[in-house]
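Me: I am new to this structure and would like to learn how to read its features. Where should we begin?

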Amino acid sequence: LAGINGLEAGQSLIIACSIIIHNSIEMNGALQAEHLFSMMCMILFVATTFGLLYYNWYPSSVFVGDTFTYFAGMTFAVVGILGHFSKTLMLFFIPQWINFLLSLPQLFGLIDCPRHRIPKYNEKDGKLHSSGNWTLLNAILTILGPQTEKSLAIITLSFQAMCCALAFYIRYELASYYY
């Protein structure tokens, strides 16, 4: 789930803040040291990612590319595994799971899959329009109509935050039904 200014850094910031909240909730539990380690890593990650987001926000003067995305994913994996909350961590990635599921027909070649599947920019109205590809960004544009890059980023990041709130509800309210 990437391709517009501020999206990768913004999602990472929201997920990292959610991890810090989760660590704070679990700090008095049996895995206190593990959650403290995770929290220390995430506080540093939030500080650096906030700086990156400042320069990556529209109009961006910094391109994050794959390097930051891989680094963020690796950081989340490390704290989730070593902090013993990998299932909870996966809940924070609901938008990324939705994007993956939407993309499956193109990824498996059932539908033509171009190299770049990001929305198309229309110079006449200065907005992004759905490119017809099967991604979450294009789905948002199909449902809500054309958006500026900045507004699409805000909408997508708001969705990320709502999904993280849903993850907390699932983890702390519904988990007792499954365990």
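**Reading helix α6 and beyond**

Reply: Begin with one helix in this predicted model. Helix α6 covers residues 136-144, and its buried residues are Leu136, Leu137, Asn138, Ile140 and Leu141.

Me: What covers the buried residues of α6?

Reply: For such a question, look for the elements in contact with those residues. Among those covering the buried residues of α6 are three helices, α1 (7-26), α5 (94-107) and α7 (149-174), together with β2 (127-129).

Me: Which residue takes a positive phi just after α6?

Reply: That residue is Gly145, with a phi of about 90°.

Me: Is Thr156 buried or exposed?

Reply: Compare its relative accessible area with the cut-off: under 20% counts as buried. Thr156 has a value of 1%, so it is buried. Thr156 is placed in helix α7.

Me: Which residues does Thr156 touch, leaving out residues up to four places away in sequence?

Reply: Thr156 touches Leu1, Leu7, Leu137 and Ile140. Two of these names have come up before: Leu137 and Ile140 are among the buried residues of α6.

Me: How should I read the largest pocket, and what is its volume?

Reply: Take the volume, then the lining, then the kinds of residue. The volume of the largest pocket is about 580 Å³. Its lining is made up of 26 residues, and those nearest the centre are Leu1, Ala2, Glu8, Gly65 and Thr69. Leu1 is also one of the residues that Thr156 touches.

Me: Which helix gives the most to the lining of the largest pocket?

Reply: That is α3, with 8 residues. Helix α3 spans 65-82, and both α1 and α3 supply at least two residues of the lining.

Me: How many residues of that lining are nonpolar, polar and charged?

Reply: The lining of the largest pocket has 13 nonpolar residues, 11 polar ones and 2 charged ones.

Me: Now the backbone. Where is there a cis peptide bond?

Reply: For this feature, read the omega angle. The bond between Tyr58 and Pro59 is cis, with omega of about -10°. Pro59 lies in the loop that runs between α2 (32-56) and α3.

Me: Which residue has a positive phi although it is not a glycine?

Reply: His84 does, with a phi of about 60°. His84 is found in the loop between α3 and α4 (86-91).

Me: Why is His84 called exposed?

Reply: Here the cut-off is over 50% relative accessible area. His84 is exposed because its relative accessible area is 54%.

Terms used: Residues numbered from 1 in each chain as written. Predicted model: local features only at pLDDT ≥ 70, side-chain atom pairs only at ≥ 80, totals over all residues. Heavy atoms only, no water. Buried < 20%, exposed > 50% of the residue type's maximum accessible area, 1.4 Å probe, protein only. Helix = DSSP H or I, 4+ residues; strand = E, 2+ residues; numbered from the N terminus. Contact = heavy atoms within 4.5 Å. 1 Å grid on protein atoms, 1.4 Å probe; cavity = no way out; pocket = protein on both sides within 12 Å on 5 of 7 lines; lining within 4 Å. Points joined across faces, edges and corners; volume = space filled by probe spheres on them. Nonpolar A, V, L, I, M, F, W, Y, C, P; charged D, E, K, R; others polar.
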